[in-house]
Amino acid sequence: MNLPKELKYSEEHEWVKDEGEKKVRIGITDFAQSELGDIVFVELPEIGDTLQANEPFGSVESVKTVSELYAPVNGKVVEVNGELEDSPELVNESPYEKGWMIVVEMEDPSELENLLSPEKYAEMYGEDGQ
């Protein structure tokens, strides 16, 4: 399982990268994209939308299913990866780099402490998905 050490993770399979200045970049984990299969459509919020932690903020559609995306933190969307509109496969090809989804300005940066370390995420969702 590919879990970059500098990221935090949610139980709903989102990764969070601290960008500084209360901003975080969010996407789905390598594990999540591999479970979904080939991603054909990504629905994301608009810039300026407010997100509530643990509430849906968009969805990912694959050839197998549609899965909701859950906000790992509270905050306002300040950037959206527009490339995913025409190239949703970037989530499969590069989930931690080109396949990022949104940048959120957090209300409270201490929320990052509630997220999982790479080790804890791997322990919860090992290679077998248990």
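**View A. Phe41 counts as partly exposed, because its relative accessibility is 41%.** The model is predicted. Phe41 sits in strand 4, which spans residues 39-43. Together with Val40 and Val63, Phe41 makes a nonpolar surface patch of about 280 Å².

**View B. Ser59 in strand 6.** Ser59 has 11% relative accessibility and therefore counts as buried. Neighbours within four places in sequence are left aside here. Ser59 contacts Phe41, Val42 and Glu43. Val66, Ser67, Glu68 and Leu69 are also in contact with Ser59. Phe41, one of these partners, belongs to the surface patch of View A.

**View C. The largest nonpolar core, with 25 residues.** Val24, Ile28, Leu44, Phe57, Met101 and Ile102 touch the most other members. Several elements give two or more residues to this core: strand 3 (23-28), helix 1 (30-36), strand 4, strand 6 (56-62), helix 3 (90-93) and strand 9 (102-106). Strand 4 also holds Phe41, and strand 6 also holds Ser59. In soluble globular proteins, nonpolar side chains tend to be buried together.

**View D. Contacts of Val24, with residues up to four places away in sequence not counted.** Val24 touches Val16, Lys17, Asp18 and Glu19. Val73 and Leu112 are also touched by Val24. Further contacts of Val24 are Ile102, Val103, Val104 and Met106. Val24 and Ile102 are both among the core residues that touch the most other members.

**View E. Another nonpolar core, of eleven residues.** This core lies apart from the one in View C. Its members include Leu7, Trp15, Tyr96 and Tyr125.

Technical notes
Residues are numbered from 1 along each chain as its sequence is written. This is a predicted model: local features need pLDDT of at least 70, side-chain atom pairs count only at pLDDT 80 or more; totals for chains, interfaces and linings use all residues. Side-chain values use heavy atoms; hydrogens and water are left out. Patches are made of residues with over 30% relative accessible area and no salt bridge: like charges are joined within 9 Å, nonpolar side chains (Val, Leu, Ile, Met, Phe, Trp, Tyr) within 5 Å. Accessible areas come from the Shrake-Rupley method with a 1.4 Å probe; for residues, only the protein chains shown count as cover. A salt bridge is a side-chain nitrogen of Lys or Arg within 4 Å of a carboxyl oxygen of Asp or Glu. Helices (H or I, at least four residues) and strands (E, at least two) are DSSP runs, numbered from the N terminus. Buried means under 20% relative accessible area, exposed over 50%, partly exposed in between (1.4 Å probe, protein chains only). A nonpolar core is a set of buried Ala, Val, Leu, Ile, Met, Phe, Trp, Tyr and Cys residues joined through side-chain atoms within 4.5 Å. Contact means heavy atoms within 4.5 Å.
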